[in-house]
Amino acid sequence: MIKLFNQSIGRLSLTKTKTLIHFTARDRVLGLLLGGLLTISMATYGADTPSSTTWYSGQRAFAQIVVEPAVDLATGNQIFLLTPNNAPLPAKAAQRAHAPLFLVLYPTSSAVPTSSLNCTPTNCGHLQTWAYPLKGHDHLVGVPHTGDFNVAWDVILVSFTQKGFDDGAINTRILTLAQLDAADTNGDVVMSDVVLSFNCSITSSATYLHGTPLSFEVP
(Lines give C-alpha, C1' and ligand atoms only; values in the text may rest on other atoms or scores of the structure.)
Protein backbone atom coordinates (compact mmCIF):
# COMPACT_ATOMS: atom_id res chain seq x y z
CA MET A 1 0.00 0.00 0.00
CA ILE A 2 1.17 3.45 -0.81
CA LYS A 3 2.68 5.34 2.09
CA LEU A 4 1.29 8.85 1.68
CA PHE A 5 4.01 10.62 3.60
CA ASN A 6 7.04 8.60 2.43
CA GLN A 7 10.05 10.85 2.53
CA SER A 8 12.55 8.40 1.00
CA ILE A 9 14.86 9.08 -1.95
CA GLY A 10 13.01 8.98 -5.24
CA ARG A 11 9.95 10.96 -4.12
CA LEU A 12 9.66 14.63 -4.93
CA SER A 13 10.21 16.95 -2.02
CA LEU A 14 7.54 19.46 -1.15
CA THR A 15 9.90 22.32 -1.94
CA LYS A 16 10.77 20.95 -5.37
CA THR A 17 7.15 20.18 -6.12
CA LYS A 18 6.05 23.70 -5.31
CA THR A 19 8.62 25.15 -7.71
CA LEU A 20 7.19 23.07 -10.54
CA ILE A 21 3.56 24.05 -10.08
CA HIS A 22 2.05 27.08 -11.75
CA PHE A 23 -1.18 28.15 -10.12
CA THR A 24 -2.89 30.99 -11.98
CA ALA A 25 -4.97 33.76 -10.48
CA ARG A 26 -7.97 32.18 -12.11
CA ASP A 27 -7.50 29.17 -9.91
CA ARG A 28 -9.14 31.18 -7.16
CA VAL A 29 -12.41 30.04 -8.70
CA LEU A 30 -11.39 26.51 -7.79
CA GLY A 31 -9.66 27.45 -4.58
CA LEU A 32 -6.31 26.35 -6.18
CA LEU A 33 -7.19 22.68 -6.15
CA LEU A 34 -10.89 22.10 -5.75
CA GLY A 35 -11.04 23.93 -2.43
CA GLY A 36 -14.54 24.26 -1.06
CA LEU A 37 -16.96 23.45 1.70
CA LEU A 38 -18.08 19.89 2.36
CA THR A 39 -21.84 19.63 2.01
CA ILE A 40 -23.84 17.63 4.50
CA SER A 41 -25.74 15.56 1.96
CA MET A 42 -23.78 13.21 -0.32
CA ALA A 43 -26.47 10.65 -1.11
CA THR A 44 -25.96 10.97 -4.87
CA TYR A 45 -22.69 11.54 -6.65
CA GLY A 46 -23.30 10.73 -10.30
CA ALA A 47 -21.08 7.65 -10.69
CA ASP A 48 -21.00 5.56 -13.87
CA THR A 49 -19.34 2.24 -14.56
CA PRO A 50 -16.09 2.62 -16.54
CA SER A 51 -17.41 0.50 -19.42
CA SER A 52 -20.39 2.79 -20.01
CA THR A 53 -18.94 6.11 -18.97
CA THR A 54 -19.06 9.17 -21.16
CA TRP A 55 -16.03 10.84 -19.66
CA TYR A 56 -16.45 14.56 -19.16
CA SER A 57 -13.52 16.94 -19.07
CA GLY A 58 -13.01 20.41 -17.67
CA GLN A 59 -14.41 22.82 -15.14
CA ARG A 60 -17.95 24.16 -15.40
CA ALA A 61 -19.38 27.08 -13.46
CA PHE A 62 -22.68 28.65 -12.50
CA ALA A 63 -23.83 30.96 -9.72
CA GLN A 64 -20.95 30.98 -7.24
CA ILE A 65 -19.66 27.41 -7.71
CA VAL A 66 -17.37 25.40 -9.96
CA VAL A 67 -17.86 21.69 -10.70
CA GLU A 68 -15.41 19.28 -12.33
CA PRO A 69 -15.02 15.55 -12.95
CA ALA A 70 -13.07 13.18 -10.71
CA VAL A 71 -12.60 9.43 -10.27
CA ASP A 72 -13.70 7.12 -7.43
CA LEU A 73 -10.38 5.43 -6.67
CA ALA A 74 -12.07 2.28 -5.35
CA THR A 75 -14.05 1.51 -8.51
CA GLY A 76 -12.69 3.71 -11.31
CA ASN A 77 -16.14 5.29 -11.71
CA GLN A 78 -16.62 8.90 -12.72
CA ILE A 79 -17.81 11.29 -10.01
CA PHE A 80 -18.02 15.08 -9.73
CA LEU A 81 -16.63 17.57 -7.23
CA LEU A 82 -18.24 20.88 -6.31
CA THR A 83 -16.35 23.93 -5.06
CA PRO A 84 -17.91 27.19 -3.86
CA ASN A 85 -16.03 30.33 -4.89
CA ASN A 86 -13.84 32.05 -2.33
CA ALA A 87 -13.61 29.06 0.00
CA PRO A 88 -10.97 29.47 2.72
CA LEU A 89 -7.57 27.82 2.26
CA PRO A 90 -5.91 25.81 3.61
CA ALA A 91 -8.35 23.39 5.23
CA LYS A 92 -8.53 23.74 8.99
CA ALA A 93 -9.79 20.25 9.85
CA ALA A 94 -8.01 18.09 12.41
CA GLN A 95 -5.45 15.73 10.86
CA ARG A 96 -7.64 12.69 11.57
CA ALA A 97 -10.26 14.22 9.27
CA HIS A 98 -7.93 14.32 6.24
CA ALA A 99 -7.94 11.96 3.25
CA PRO A 100 -5.74 11.81 0.11
CA LEU A 101 -6.56 13.12 -3.35
CA PHE A 102 -4.15 11.74 -5.96
CA LEU A 103 -3.70 14.05 -8.94
CA VAL A 104 -2.23 12.00 -11.79
CA LEU A 105 -0.35 14.07 -14.40
CA TYR A 106 -0.30 12.74 -17.99
CA PRO A 107 2.31 13.95 -20.52
CA THR A 108 1.43 15.14 -24.01
CA SER A 109 3.08 11.99 -25.42
CA SER A 110 0.59 9.73 -23.61
CA ALA A 111 -1.86 7.74 -25.73
CA VAL A 112 -4.62 8.33 -23.17
CA PRO A 113 -7.35 10.33 -24.99
CA THR A 114 -7.30 13.99 -24.03
CA SER A 115 -11.08 14.13 -23.92
CA SER A 116 -11.25 11.45 -21.22
CA LEU A 117 -9.06 13.26 -18.69
CA ASN A 118 -10.72 15.16 -15.84
CA CYS A 119 -8.82 18.32 -16.74
CA THR A 120 -6.64 19.65 -19.54
CA PRO A 121 -4.49 22.80 -19.54
CA THR A 122 -7.12 24.72 -21.55
CA ASN A 123 -10.31 23.70 -19.70
CA CYS A 124 -9.03 23.90 -16.13
CA GLY A 125 -7.38 26.73 -14.21
CA HIS A 126 -4.98 24.71 -12.06
CA LEU A 127 -1.88 22.67 -12.84
CA GLN A 128 -1.61 23.87 -16.41
CA THR A 129 2.16 23.36 -16.51
CA TRP A 130 4.51 20.78 -15.02
CA ALA A 131 8.03 19.38 -15.25
CA TYR A 132 7.02 17.72 -18.53
CA PRO A 133 4.50 19.05 -21.10
CA LEU A 134 1.01 18.17 -19.89
CA LYS A 135 -1.88 16.61 -21.76
CA GLY A 136 -3.98 16.82 -18.61
CA HIS A 137 -4.69 15.19 -15.26
CA ASP A 138 -7.19 13.17 -13.22
CA HIS A 139 -8.37 13.54 -9.60
CA LEU A 140 -8.55 10.20 -7.75
CA VAL A 141 -10.54 10.42 -4.52
CA GLY A 142 -12.23 8.20 -1.95
CA VAL A 143 -16.01 7.88 -1.91
CA PRO A 144 -18.27 6.65 0.91
CA HIS A 145 -18.40 3.83 1.75
CA THR A 146 -15.60 2.24 -0.24
CA GLY A 147 -12.89 4.88 0.11
CA ASP A 148 -11.12 7.10 2.59
CA PHE A 149 -13.48 10.06 2.30
CA ASN A 150 -13.12 12.82 4.85
CA VAL A 151 -13.70 16.51 5.48
CA ALA A 152 -10.35 17.66 4.12
CA TRP A 153 -8.43 16.45 1.07
CA ASP A 154 -4.63 16.23 0.99
CA VAL A 155 -3.46 16.75 -2.60
CA ILE A 156 -0.66 14.41 -3.70
CA LEU A 157 0.76 14.90 -7.20
CA VAL A 158 1.52 11.73 -9.18
CA SER A 159 4.17 12.12 -11.91
CA PHE A 160 5.43 9.54 -14.37
CA THR A 161 9.09 8.60 -14.04
CA GLN A 162 11.49 8.07 -16.93
CA LYS A 163 10.81 4.36 -16.50
CA GLY A 164 7.09 5.08 -16.90
CA PHE A 165 7.83 6.86 -20.16
CA ASP A 166 10.17 4.14 -21.42
CA ASP A 167 7.98 1.12 -20.64
CA GLY A 168 4.77 2.72 -21.91
CA ALA A 169 3.05 3.12 -18.54
CA ILE A 170 2.14 6.67 -19.58
CA ASN A 171 -0.29 5.16 -22.10
CA THR A 172 -2.50 3.48 -19.50
CA ARG A 173 -4.94 5.59 -17.53
CA ILE A 174 -4.72 5.03 -13.77
CA LEU A 175 -8.28 4.90 -12.40
CA THR A 176 -8.05 2.95 -9.14
CA LEU A 177 -5.91 2.81 -6.03
CA ALA A 178 -4.93 -0.75 -6.98
CA GLN A 179 -3.55 0.50 -10.31
CA LEU A 180 -1.79 3.37 -8.58
CA ASP A 181 -0.22 0.99 -6.07
CA ALA A 182 1.01 -1.23 -8.92
CA ALA A 183 2.48 1.71 -10.84
CA ASP A 184 4.21 2.94 -7.70
CA THR A 185 5.62 -0.50 -6.91
CA ASN A 186 6.85 -0.87 -10.49
CA GLY A 187 8.63 2.49 -10.36
CA ASP A 188 6.48 3.98 -13.12
CA VAL A 189 5.29 6.92 -11.02
CA VAL A 190 6.60 9.10 -8.23
CA MET A 191 4.44 10.92 -5.70
CA SER A 192 4.95 14.29 -4.09
CA ASP A 193 4.44 15.23 -0.50
CA VAL A 194 1.10 16.85 0.31
CA VAL A 195 1.07 20.15 -1.59
CA LEU A 196 -2.28 21.49 -0.38
CA SER A 197 -5.16 20.58 1.93
CA PHE A 198 -8.68 21.73 1.07
CA ASN A 199 -12.37 20.97 1.54
CA CYS A 200 -14.91 20.10 -1.17
CA SER A 201 -18.09 18.09 -1.76
CA ILE A 202 -19.24 15.35 -4.10
CA THR A 203 -22.14 16.26 -6.36
CA SER A 204 -24.20 14.80 -9.20
CA SER A 205 -23.55 14.68 -12.93
CA ALA A 206 -26.70 16.80 -13.39
CA THR A 207 -25.06 19.58 -11.39
CA TYR A 208 -21.99 19.41 -13.60
CA LEU A 209 -24.01 19.48 -16.83
CA HIS A 210 -25.93 22.52 -15.58
CA GLY A 211 -22.76 24.60 -15.61
CA THR A 212 -21.10 26.57 -18.39
CA PRO A 213 -17.74 25.15 -19.58
CA LEU A 214 -14.73 27.29 -18.68
CA SER A 215 -11.66 27.88 -20.84
CA PHE A 216 -8.17 29.12 -20.01
CA GLU A 217 -4.99 30.18 -21.74
CA VAL A 218 -1.91 28.16 -20.93
CA PRO A 219 0.72 30.42 -19.32
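# A tour from a salt bridge to a buried strand

Begin by selecting aspartate 188 and lysine 163, whose side chains meet in a salt bridge (3.6 Å, N to O), a term that stands for a side-chain nitrogen of Lys or Arg within 4 Å of a carboxyl oxygen of Asp or Glu. This pair links distant parts of the chain, since aspartate 188 is in the loop between H3 and S7 and lysine 163 is in helix H2, 25 residues apart. Helices (H or I, at least four residues) and strands (E, at least two) are DSSP runs, numbered from the N terminus.

Before going on, note that this is a predicted model, in which local features need pLDDT of at least 70 and side-chain atom pairs count only at pLDDT 80 or more, while totals for chains, interfaces and linings use all residues. Residues are numbered from 1 along each chain as its sequence is written, and side-chain values use heavy atoms, with hydrogens and water left out.

Keep lysine 163 selected and add aspartate 167, with which lysine 163 forms another salt bridge, the closest N and O atoms being 3.2 Å apart. Through shared partners, salt bridges join Lys163, Asp167 and Asp188 into one network. Are these residues buried or exposed, where buried means under 20% relative accessible area, exposed over 50%, and partly exposed in between (1.4 Å probe, protein chains only)? Aspartate 188 is buried at 7%, whereas lysine 163 is partly exposed at 40% and aspartate 167 is partly exposed, also with 40%.

The whole structure holds three salt bridges. To see another of them, select arginine 173 and aspartate 138, whose closest N and O atoms are 2.7 Å apart. Arginine 173 lies in the loop between helix H2 (162-166) and helix H3 (177-185) and aspartate 138 in strand S5 (residues 134-141), so the pair ties together parts that are 35 residues apart in sequence. Arginine 173 is buried, with a relative accessible area of 11%, and aspartate 138 is buried as well, at 0%.

Finally, select strand S6 (residues 152-160), where nine of the nine residues are buried, so the strand is largely enclosed by the rest of the structure. In a regular strand the side chains alternate between the two faces of the sheet. Both faces of S6 are covered, with buried residues that include Ile156 and Phe160 on one side and Trp153 and Leu157 on the other. Add strand S7 (residues 189-199), which runs antiparallel to S6 and is joined to S6 by eight bridges; strands count as paired if DSSP finds at least two bridges between them. Within this pairing, look for isoleucine 156, which stands opposite valine 194 in S7.
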